[in-house]
Amino acid sequence: QLQASGGGLVQPGGSLRLSCAASGRTFSSYAMGWFRQAPGKEREFVATISRGGGLTYYGDSVKGRFTISRDNAKNAVYVQMNSVKPEDTAVYYCAASQWTTTDPVRYDYWGQGTLVTVSS
């Protein structure tokens with residue numbers, strides 16, 4: 001089970017950190033990813049991190065602004081969002097996969113989502 005948290009209202013140019021807590025003893029066996037979905041738009045890949053944390057990939061729209069990380073001892077994955085823009089407004093989801101991949105179809109488990117609103 002995955003539980004995302006940390007969403008809220010943030011001003012343009014600000015920062016926010018999302019967290020995703022996982023239950024179970026196999027967290028380190030999964031690559032983890034973040035996706036987002038804005039109203040009326042398709043789900044979009046944000047970032048992914050490998051099982052050990054040594055490999056990361058980012059969507060083009062967040063590259064250089066967002067950073068994904070994980071703490072396997074705490075069964076948690078994070079995304080640090082900096083220099084946020086209004087177009088970052090979306091529901092953000094964490095997900096677990098056997099693969100370090102940008103393809104949402106390859107993710108087996110999904111959290112419930114947390115809403116991020118970027119507005120002044």
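These notes cover the disulfide, the core, the strand pairing and the aromatic contacts of a predicted model.

1. **Disulfide.** The structure holds one disulfide. Its partners are Cys20 and Cys94, with sulfur atoms 2.1 Å apart. The torsion about the S-S bond is about 60 degrees, so this disulfide is right-handed. Cys20 belongs to strand 3 and Cys94 to strand 9. The two cysteines are 74 residues apart, and the pair links distant parts of the chain. Both Cys20 and Cys94 are buried.

2. **Nonpolar core.** The largest nonpolar core has 28 residues. Which residues have the most contacts inside it? They are Met32, Trp34 and Tyr92. Many strands contribute: strand 1 (2-5), strand 3, strand 4, strand 5 (44-49), strand 7 (66-71), strand 8 (76-81), strand 9 and strand 11 each supply at least two residues.

3. **Strand 11 and its faces.** Strand 11 covers residues 114-118, and its side chains alternate. Thr114, Val116 and Val118 point to one face and are buried. Leu115 and Thr117 point to the other face and are not buried.

4. **Neighbours of strand 11.** Strand 2 (residues 8-10) runs parallel to strand 11, and three bridges join the two. Within this pairing, Gly8 stands opposite Val116. Strand 9 (residues 90-97) also pairs with strand 11, here in the antiparallel sense and over three bridges. Val91 stands opposite Leu115. Strand 11 thus has a parallel partner in strand 2 and an antiparallel partner in strand 9. Strand 9 also carries Cys94 of the disulfide.

5. **Tyr30 and Tyr109.** A search of the whole structure finds five aromatic pairs. One of them is Tyr30 with Tyr109, an edge-to-face pair. The centres lie 5.8 Å apart, with 85 degrees between the planes. Where do the two residues sit? Tyr30 lies in the loop between strand 3 (16-22) and strand 4 (31-37), and Tyr109 in strand 10 (residues 107-110). The pair therefore ties together parts that are 79 residues apart in sequence. Tyr30 is buried, with a relative accessible area of 15%. Tyr109 is partly exposed, at 45%.

6. **Phe35 and Tyr107.** This aromatic pair is also edge-to-face. The distance is 5.0 Å centre to centre, and the planes stand at 80 degrees. Phe35 is in strand 4 and Tyr107 in strand 10, so the pair ties together parts that are 72 residues apart in sequence. Are these residues buried or exposed? Phe35 is buried, with a relative accessible area of 0%. Tyr107 counts as buried too, at 5% relative accessibility.

7. **Aromatic cluster.** Phe35 and Tyr107 are part of a wider group. Together with Phe45 and Trp110, they form one aromatic cluster.

8. **Charges over rings.** Two arginines deserve a look in the viewer. The charged end of Arg17 sits over the ring of Tyr78, 4.2 Å from the ring centre. The charged end of Arg106 sits over the ring of Trp99, 5.5 Å from the ring centre.

9. **Recap.** Strand 10 takes part in two links across the sequence: Tyr109 pairs with Tyr30 of the loop between strand 3 and strand 4, and Tyr107 pairs with Phe35 of strand 4. The disulfide adds a link between strand 3 and strand 9.

Conventions:
Residues numbered from 1 in each chain as written. Predicted model: local features only at pLDDT ≥ 70, side-chain atom pairs only at ≥ 80, totals over all residues. Heavy atoms only, no water. Phe/Tyr/Trp six-rings, centres within 6.5 Å; stacked < 30°, edge-to-face > 60°. Helix = DSSP H or I, 4+ residues; strand = E, 2+ residues; numbered from the N terminus. Buried < 20%, exposed > 50% of the residue type's maximum accessible area, 1.4 Å probe, protein only. Lys NZ or Arg CZ within 6 Å of the ring centre and 35° of its normal. Pairing = 2+ DSSP bridges. Disulfide = S-S within 2.5 Å. Core = buried A, V, L, I, M, F, W, Y, C linked by side-chain atoms within 4.5 Å.
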